[in-house]
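Here is a brief report for a first look at this structure. It starts with one loop, then turns to the ligand, a helix pair and two peptide bonds.

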Amino acid sequence: MRLSHHYVVPHVSTGDMLRAAVKQGTAMGLKAKDQMDRGELLGDDLVMEMVAERLGESDVRARGFILDGCPRTVAQAEQLASLLAPFDLDLAIDIEIHTSQVCVDCGANYSLSAPPLINWTCDVCGGEVVQREDDTEDAIERRLKLYERQTAPLIEWYRDRNQLESVPGTGSPDAVTRRMVKVIEQRRERKGGRLT
Ligand code: AMP
C-alpha cells in the first residue's frame, strides 16, 4: 500500500480482493473462505482469472501497478507473464521476513535475530510487540511448508530472469518501504531510467 502511494499507482492485492469477495458473499468468496481460513492457497486459475480482470482495467493500464500477494506459485508467474506479454513485470521484490513478532500499534516486524532493544517494546513507537495471533504451531508449520513447496521456487524463477530484488522485512513498515524504493531506484539508474 505504501509503495503504491509513493509511486501513485494502483495497489492490486489478491488478498484484499479475495477478502472483499468473501465479505460481499459472491460465489467466488464463498468458495474461497474455507481455504483462506485454513491458510491454504487458492487455485491458480481462480486467482489468475481475478487478476486478469483487474489488470485489464483502465487505471492499471494507464499508470502501471503494484501487484501484492501474487504470484505465489510458478504456475501463477507463468500465467502472469503471458497475461502481460508483450510487456513484462518491471521487478519482483522478495520481502524477507523470518519473524513472528509484530508491534500491535505500528506494524513493525521483529525476529529472533533482530528483536526490539527492550523486550516486547517497539523500538519505533514504544508500542507492545506481540507474537502474531495466527502463529499457532499448526498454522506456522502449514504456512512454512506451503511457502517452501509452492512460493520459494519463485525466487529462483525471477532471479533467473534478472527480475528479482530482495529486501529485509524487519523494522517499521516505512523502513521496509524505504528499502523497496531504494532497490527500485538503484535498478532504474542502472537501466538509464527504465526498470526493465
Ligand atoms: P494475503 O493477504 O496476501 O496473505 O492473502 C490472504 C489469503 O488469500 C491467503 O492465505 C490465501 O488463502 C489467499 N491468497 C491471496 N493471494 C493468493 C494467491 N496469489 N494465490 C493463492 N491464494 C492466495
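## An unusual valine

Valine 8 sits in the loop between helix H1 (2–7) and strand E1 (11–13). Helices (H or I, at least four residues) and strands (E, at least two) are DSSP runs, numbered from the N terminus. Valine 8 is not a glycine, yet its phi is positive, about 50°. Most residues other than glycine have a negative phi.

This is a predicted model: local features need pLDDT of at least 70, side-chain atom pairs count only at pLDDT 80 or more, and totals for chains, interfaces and linings use all residues. Residues are numbered from 1 along each chain as its sequence is written, and side-chain values use heavy atoms, with hydrogens and water left out.

## Around the ligand

The ligand has 13 residues around it. A residue counts as near if one of its heavy atoms lies within 4 Å. Thr14, Arg19, Glu40, Arg72 and Gln76 come nearest. Helix H2 (residues 14–24) gives the largest share of this shell, 4 residues. By type, the shell holds 6 nonpolar, 4 polar and 3 charged residues. Here Ala, Val, Leu, Ile, Met, Phe, Trp, Tyr, Cys and Pro count as nonpolar, Asp, Glu, Lys and Arg as charged, and the others, Gly among them, as polar.

Polar side-chain atoms approach the ligand. One from threonine 14 lies 2.8 Å from a ligand nitrogen atom. One from glutamine 76 lies 2.9 Å from a nitrogen atom of the ligand. One from arginine 72 lies 3.0 Å from a ligand oxygen atom. Taken alone, the ligand exposes 480 Å² (Shrake-Rupley method, 1.4 Å probe). The protein buries 82% of that.

## Two helices that cross

The axes of helix H4 (residues 44–55) and helix H6 (residues 74–84) come within 10 Å. They cross at roughly 25°. Axes are lines fitted to C-alpha atoms over the stretch in contact, with angles from 0 to 180 degrees between N-to-C directions. H4 and H6 are therefore roughly parallel to each other (angles under 35 degrees).

## Two cis bonds

Most peptide bonds are trans. Cysteine 70 and proline 71 are joined by a cis bond, with omega about 0°. Proline 71 belongs to the loop between strand E2 (66–68) and H6.

Alanine 85 and proline 86 also share a cis peptide bond, with omega about 10°. Proline 86 lies in the loop between H6 and strand E3 (92–96).

Key:
Polar contact = N/O pair within 3.5 Å; in protein donor to acceptor, adjacent residues only side chain to side chain. Parallel < 35°, antiparallel > 145°, perpendicular 65-115°, else oblique.
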